[in-house]
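Biologist: I have not met this structure before. Please show it to me, and let me ask how each label is earned.

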Amino acid sequence: MDLAREKFHRLQAEKEQIRKHGVCIRIIGDINLLPPDLQKLAADIVYFSRNNTRAILNVCLAYTSRNEITNAVKDVASGVESGLLYPSDSSEELLEKCLYTNHSKDPDLLIRTSGETRLSDFLLWQSSYTVLSFTEVLWPEFTIWHLFGAVLHYQRSYISVKSAKEFNASERRKAVLESDKQCVIQQLKTEGTNCTLEDKALENSIEEKLTQFTMDREERIKTFLKFVENKRELHIRNILETDRT
């Protein structure tokens, strides 16, 4: 952890540069697993840069993808339990927005050096449609030419990965829309409406209710995500307050 302490001390010494270039620094990982002094160093720089928007620097500490996904599931489950969300609001897209990397795009290219051909529990969700490049060279010997090779590999795979990613996004949208529709039909049945009749008035009623239900769902999710964001920021502030007391 000494190297991490050294780097965060250096970041603190360069706060003016961080402000000047608009860099938002985020911790990707469970900050609670870090030693208390390192928690405070990390929390200070995260809180200081929280409103910067020109670039994001993600720092992985105490990170595993399993832990990240588990915590995202817990957040969604808590949202349902508290009434902020309906059970039907749960989706891949919502879970994705609860990950540590929710403010960043998924990586286009992931390079693993040292001859290892595994991800070691790193960004498993985010790398579903990422081009993976494995190289035998050790990181200290990694040069611009190795990078060029990885980029060439990415370019060769770009079209197929892009198509698969777009298809997946389309299927996710369809799944959410179908879930909304089933919820509306269930509501109508609860109200005593016979939803098996092929009737223009019924179709219009379903469309109207579906539009409203979708708007309400989006508003619930927006409120929930704001709650999650505030909770995480409050945790950072509490770490800093502990330091002051």
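What follows is a set of short questions and answers on this model.

Modeller: One point before we start: this is a predicted model.

Biologist: Which elements does the chain have, and in what order do they run?

Modeller: There are seven helices and four strands. From the N terminus on, the order is α-α-β-α-β-α-α-β-β-α-α.

Biologist: How does the radius of gyration stand against that of a compact globule?

Modeller: A compact globule of 245 residues would come out near 18 Å, but this chain has 23 Å. Along the principal axes, the C-alpha atoms fill a box of roughly 70 × 55 × 30 Å.

Biologist: How much of the chain is buried, and how much area does the chain expose?

Modeller: Of the 245 residues, 30% count as buried. The exposed area is about 15,700 Å², and carbon and sulfur atoms supply 54% of that.

Biologist: Why is Val 228 called buried?

Modeller: Its relative accessible area is 4%. Buried means under 20%. Val 228 is therefore buried.

Biologist: Where is Val 228 in the chain, and how far is its C-alpha atom from that of Cys 98?

Modeller: Val 228 has its place in helix 7, residues 200-244. The C-alpha atoms of Val 228 and Cys 98 are separated by 7.8 Å, although their positions lie 130 residues apart along the chain.

Biologist: Why does Thr 135 count as buried?

Modeller: Thr 135 has 18% relative accessibility. The cut-off for buried is under 20%, so Thr 135 counts as buried.

Biologist: Where does Thr 135 lie, and which residues is it in contact with?

Modeller: Thr 135 lies in the loop between strand 4 (131-134) and helix 6 (144-190). Leaving aside neighbours within four places in sequence, its contacts are Ile 111, Arg 112, Thr 113, Ser 114, Gly 115, Phe 142 and His 146. Contact here means heavy atoms within 4.5 Å.

Biologist: What makes strand 1 and strand 2 a pair?

Modeller: Pairing needs at least two bridges. Six bridges join strand 1 (residues 23-28) to strand 2 (residues 55-60), so the two strands pair. They run parallel. Within this pairing, Ile 28 stands opposite Cys 60 in strand 2.

Biologist: Which helix joins these strands in a β-α-β unit, and what is the hand of that unit?

Modeller: Helix 3, residues 36-48, makes the unit with strand 1 and strand 2, and the unit is left-handed.

Biologist: What share of the contacts with a separation of 6 or more comes from residues 24 or more positions apart?

Modeller: Such residues account for 70% of those contacts in the chain.

Conventions:
Residues are numbered from 1 along each chain as its sequence is written. This is a predicted model: local features need pLDDT of at least 70, side-chain atom pairs count only at pLDDT 80 or more; totals for chains, interfaces and linings use all residues. Side-chain values use heavy atoms; hydrogens and water are left out. Buried means under 20% relative accessible area, exposed over 50%, partly exposed in between (1.4 Å probe, protein chains only). A crossover is right-handed if, with the strands pointing away from the viewer, the path from the first strand over the helix to the second runs clockwise. The radius of gyration is taken over C-alpha atoms; the globule rule is 2.2 Å times the number of residues to the power 0.38. Accessible areas come from the Shrake-Rupley method with a 1.4 Å probe; for residues, only the protein chains shown count as cover.
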